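I am opening a notebook page on a structure that is new to me. My plan is to look at the whole chain, then its core, and then one residue in detail.

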Amino acid sequence: MTYTDNLWLFLILLAGIIIVPGMDMLFVLANALTGGRRAGLAATSGIMAGGICHTLFGTVAVAALSRLVPALATTMILVGSAYMIWIGIRLLRSSITVGEVETGRAVAPARIFSQGLMTCLLNPKAWLFVLAVYPQFLNPSFGPLWPQALVMGLMTVLVQFAVYGGLALMAARGRDALTSSPALSIWAGRSAGLLLVGVAAFGLVHRLAGL
């Protein structure tokens, strides 16, 4: 397999894992619906920053920490699931409407960015992807690992921006329809929270069952 073939295969797997609905996507959607385009793009930016961190971790793991990966993976998956359940419960208990957000209760973009970063960093799906896939595509036969990681990291953030950023813009445009229906926006936020709790709890139970 050539280096180009290797990158194409990685891109296909990357697009597949990002397109599948998960915690990152739900976080972007929830923020775009309740805070508009600015909030949705801030959430997307945070998740893209998390993608860069995952790339760094994957490179270090392949290069020097392969013996520590199993224990580290288990810890991050457990902590990540617990964090996502906490975020989901907060959404379930909220009664945020579009009008309330616009009149002074909006969350600062910097805070949304940091939450998006943490959401991505503690996303079990992302860690599983890194731990399972990166060792297969960072190949010393193609040269030094860091240039390869740079390309893979760039591909990651571009696909995240295309998928999550596009979703944020579409959700923000549909947000106007929620302005006249506070109950609908409350339902959307709480539904996103329920999905977060459900997905995280499933991952947590599945992981504990395998320990």
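**Contacts along the chain**

I began with contacts between residues at least 6 apart in sequence, and I found that 87% of them join residues at least 24 apart. I keep in mind throughout that this is a predicted model.

Next I looked up the secondary structure, and I noted nine helices and zero strands in the protein, so written because helices and strands are taken here as DSSP runs.

I then turned to the surface: the protein exposes about 10,800 Å², with carbon and sulfur atoms supplying 72% of that area. Of the 211 residues, 45% are buried.

**The core**

Which residues have the most contacts inside the largest nonpolar core? I found Phe 10, Leu 14, Tyr 134 and Met 152, in a core of 34 residues. Two or more residues of this core come from each of α1 (3–19), α2 (23–63), α5 (109–121), α6 and α7 (145–174), and the largest share, 11 residues, is given by α2.

I followed Leu 14 further and, leaving aside its neighbours within four places in sequence, I recorded contacts with Phe 129, Met 155, Thr 156 and Val 159.

**Ala 126**

I finished with Ala 126, which I located in helix α6, spanning residues 124–137. Is Ala 126 buried or exposed? I enter it as buried, because its relative accessibility is 15% and buried means under 20%.

Beyond the neighbours within four places in sequence, Ala 126 is in contact with His 54 and Cys 120. I also looked up Asp 24, which lies 102 residues from Ala 126 along the chain, while their C-alpha atoms are separated by 9.1 Å.

Terms used:
Residues numbered from 1 in each chain as written. Predicted model: local features only at pLDDT ≥ 70, side-chain atom pairs only at ≥ 80, totals over all residues. Heavy atoms only, no water. Helix = DSSP H or I, 4+ residues; strand = E, 2+ residues; numbered from the N terminus. Buried < 20%, exposed > 50% of the residue type's maximum accessible area, 1.4 Å probe, protein only. Contact = heavy atoms within 4.5 Å. Areas by Shrake-Rupley, 256 points an atom, 1.4 Å probe, with all protein chains shown as cover. Core = buried A, V, L, I, M, F, W, Y, C linked by side-chain atoms within 4.5 Å.
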